[in-house]
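Dear colleague,

Here is the structure I am handing over to you. Please look it over before reading the notes below.

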Amino acid sequence: MRGFALSLWLACTAIGAQAQTLDVLHWWTSAGERRAVDQLVQQLDRRGIAWRDAAIPGGGGGGAMKVLNSRVLARDPPDAAQVIGRTLADWSDLGLVLPLDEVAQRNRWSQSLFPLVQRVITHRGRIVAAPLGVHRINTLFFNQRVWAQLKLGAPKTWGDVEQAAAALRRAGVAPFAWSDEPWQIATVFETLLLSEGGPALYGELAATQRWQAWQDPRVAKALERLRWLRRLNGETAIEQRWTASARQLFTGDAGMLIMGDWADGELVAWGAQAGRDYGCTPVPDTAGMHLYSIDTLAMLVGTRKREAEQERMAEVVVSPAAQLAYNQAKGSVPVRDDIDPTQLDDCARDSWQTLKRADSPLLPSIAHRMAADEATKDALADALHRFVKDPAVTPARAQERLVALIRSAARATPPP
Ligand code: GAL
């Protein structure tokens, strides 16, 4: 009898333990991203939820989204996944995500989340994801030690950037850390669209339904700036991961980097400190503006009954303690406006204050799914990749291709 009782107890414990483990698919595999995930894992562990990692490497999430699509089509969805922006809206329309209205109500999310965040996680009146952090794309990082050696001022204007680039080249330092990976080119380009076109035009471009906005001459100006930036690194192909670019900035092999502020989390993971080892400033002519990408965790509807644990996961990751610990490591800012911003580093604090100011222009990242769907985003990145790699393609020709691409996407997708 004793043996039977023991095996019954073990079986129940195993089922109990199994029921508390959630599969999470994401693409946070760099040093900084891993540190941020570990903060969530610890917070969840304290609440009896075990995070089983299904991490798919590859910056920008292109690979992760392919794997996630195939798992969902194979009726084997993870319990939770990094589903963000337009993908989140499309997936909730397909009934693939668990609504979280009760969790939101019970935890008073509407009173503590930034209004922008509340808007991004709400689709057709339902709360469809747990928000994790707000990244700022229009961030220019510069190596503080190199700047001090060359007696350079902070690169606030394009004139400052051009002078710094000349001084860096004379000193044998690459002016910009750069990668030809399409998603990274698209990330840089959208900051140039905002810089050249301003928030009103950028808002039109990001709406993507109004394809005529892409015919504006300021789009060609942004393409010219993109070509100038690429030419600073010569003709050799550089298809490096974003972490390699961040590394070049960290070591001083490159002076500047335009990248989402997940690079801040990466630099911190390597022991660097904002304000001492590196500085960050908005991309010239985008100061006071927030080109955002909001990371969200969607709870996926699956064959295994997991709602109670999924709701608890949503509750925990939005809690003040988890929010501070995760975002300090990730380089993004908390989704709540009730945390103490003095606990954020110099880079994140400026992002936070910009978000907090009622009159700040808040613009959705096209390159990171906040505006266009996956197919349009990828097509844009590929068109920009072709322009950057082929000097024979003029800005005017590249602009024609962008207009044609957006026009066909506008026809294909009815306005949301
Ligand atoms: C973004 C994502 C960030 C970071 C970045 C680099 O799309 O929202 O959290 O992972 O890609 O991979």
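The notes that follow cover the ligand and one sheet.

This is a predicted model, in which local features need pLDDT of at least 70 and side-chain atom pairs count only at pLDDT 80 or more, while totals for chains, interfaces and linings use all residues. Residues are numbered from 1 along each chain as its sequence is written, and side-chain values use heavy atoms, without hydrogens and water.

The ligand is surrounded by 13 residues (a heavy atom within 4 Å), and the closest are W28, E33, D295, K330 and H368. Oxygen atoms of the ligand make polar contacts (N or O pairs within 3.5 Å). In these, a polar side-chain atom lies 2.9 Å away in W28, 2.9 Å away in H368 and 3.2 Å away in W27. The protein buries 100% of the 310 Å² that the ligand exposes when taken alone (Shrake-Rupley method, 1.4 Å probe).

An open sheet has four strands in the order 8-9-7-10, with mixed pairing. Strands are DSSP runs of E of at least two residues, numbered from the N terminus, and two of them pair if DSSP finds at least two bridges between them. Strand 8 (174-176) and strand 10 (278-282) are at the edges with a single partner strand each, so one side of each has no neighbour in the sheet. Strand 7 (residues 139-143) runs antiparallel to strand 10 and is joined to it by five bridges; L140 has T281 as its bridge partner there.

Regards

How values were computed: Polar contact = N/O pair within 3.5 Å; in protein donor to acceptor, adjacent residues only side chain to side chain.
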